[in-house]
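Q: Could you take me through the spot where the ligand binds, one piece at a time? I'd like a close look at just that part.

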Amino acid sequence: MALQGRDSAQSAPATRSRRSLSVYFIAAIASLGGLLFGYDTGVISGALLFLKQTFALNSTQQEIATSAVLVGAIIGAISAGRINDAIGRKKTLLLLAVIFTLGAIVTAFSPNFIFFLVCRIVVGLGIGAAASVVPIYISEVAPARLRGSLVTFNQLAITVGIAVSYWVDLAFAHAGMSWPPMFAAAAIPSVLLFLGMLICPETPRWFASKGRWDEARQVIEHIKGTDPDREIADIRASLREERQQAGFKELFSPGVRAALIVGVGLAVFQQFVGINTVIYYAPTIFQQAGFASASAAIFATSVVGIVNVLATIVAIFLVDRVGRRVMLLSGSVIMFLALVAIGYIFATHPKHVGGLTLTSLIVYIAAFALSFGPVFWVMSAEIFPTRVRATGASFSSFSNWVANFLVSLTFLSLIGAIGEAFTFWLFAVMALLALLFCWRLVPETKGRSLEQIEHYWENGRHWDEAA
Ligand code: BGC
């Protein structure tokens, strides 16, 4: 069975580093899907200011404009598993690139609000699908020792996409160019994703699942730098089970249920700690915390966006070194403390309220980016057995979007009902629950092969060290 580190034992160092490079290249290309996810969700924050003028939107319509993309993402996440398994990871990503490109251009020409909403839902389909397909694609081409770091590439791309969308919004706003070019700009990474995927391979696991063993072997030899015989044997063993049973119901079967609880739990807690209230509403929070001008609030938001990117870069180095659990546990504690502090600042309005809010939000976003941000996506791509990997990841991703939708849709109303302080304290309670959840239920998967992880669930949540 697969052993951790066998790549290093069996390849010459020079060959290994050359091959690893191509794995990085492939992961970087696929991560453009993540960049589009970040850009297309973040772009609305600045664009909204102009959209509301063009289409004379009231506040409910503005909320609908913001969440339309999430509706599409929910549908995209549900459908992704099936398409991904039927036509393969590569063709799915090519298809998504086409959706992103057309969506970006057509949105920019929206003649009315309804048309705009339809475009946002269509782009959302692409975002929801990309969010689950990209991590699967990367985890299936990456060797075990690099899998966590490479899947984290995707999260880095999401955060870069968000930060870029803030700056692009700002630039077009300054140039007096309103919302159309803000949406159209997403066509650039979309076209790059399409061209890049044309030269990237299909994954060996997908080829094998269709009985195309020669092609599976060729891809392994070409990119992974692992011993093709052992790799093929591993894939063969996990596929044998896949043939016996698969499908949605299988997610609830005894060997898989515990993985499902971890996947869905991480998905829901990732959103219930309140991350997207910061990502989508940061300027509003800063204004409520006393930032006098809109530009000061937007500038502070851009700082938060950059910290998000920088902390994610650190996470890439940590995820396969310190491991998923340490990151999740310490991240939850720090988010809890930061959220308590934010609530306290709103409750007491201390002297340097603006500076204190910015500092707490920076600590919060850094803790998220070092924990739930990347680790949820890494684990949702690796915890499910092969026979339900795509379905499981897609279901986790679906839960993530539903939780995102619920939090984004209720945040302003929550503030209206119970005030800022209690709203943030509610998120603090969620961070505490997230801590308990991770401590009790989430296993350490660092350095384990996908097959070892599969056995862990089958063995009643015990590692089989001989596997
Ligand atoms: C989450 C997104 C969030 C982003 C922030 C992602 O992992 O799924 O909802 O906007 O992190 O960086």
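**Around the ligand**

A: Start with N308: one of its polar side-chain atoms lies 3.0 Å from an oxygen atom of the ligand, a polar contact in the sense of two N or O atoms within 3.5 Å. Keep in mind that this is a predicted model, where local features need pLDDT of at least 70 and side-chain atom pairs need 80 or more, while totals for chains, interfaces and linings use all residues. Numbering runs from 1 along each chain as its sequence is written, and side-chain values use heavy atoms, with hydrogens and water left out.

Two glutamines also reach ligand oxygens through a side-chain N or O atom: Q155 at 2.8 Å and Q271 at 2.9 Å. The protein covers 99% of the 310 Å² of accessible area the ligand has on its own (Shrake-Rupley, 1.4 Å probe).

Step back to the whole shell and you'll count 13 residues around the ligand (a heavy atom within 4 Å). Q155, Q270, Q271, N276 and W377 come nearest. By class, the shell has 9 polar, 4 nonpolar and no charged residues.

Helices (DSSP runs of H or I, at least four residues) do much of the supplying here. Helices 8 (144–174), 14 (254–272), 15 (275–288), 19 (372–382) and 20 (389–441) each bring at least two shell residues, and helix 8 gives the most, with 3.

Now follow W377 outwards. The whole structure has 23 aromatic pairs (ring centres within 6.5 Å). In one of them, F37 and W377 sit edge-to-face, 6.0 Å centre to centre with 85° between the planes (over 60 degrees earns that label). This pair ties together distant parts of the chain, with F37 in helix 3 (residues 32–42) and W377 in helix 19, 340 residues apart.

Methods:
Polar contact = N/O pair within 3.5 Å; in protein donor to acceptor, adjacent residues only side chain to side chain. Nonpolar A, V, L, I, M, F, W, Y, C, P; charged D, E, K, R; others polar. Phe/Tyr/Trp six-rings, centres within 6.5 Å; stacked < 30°, edge-to-face > 60°.
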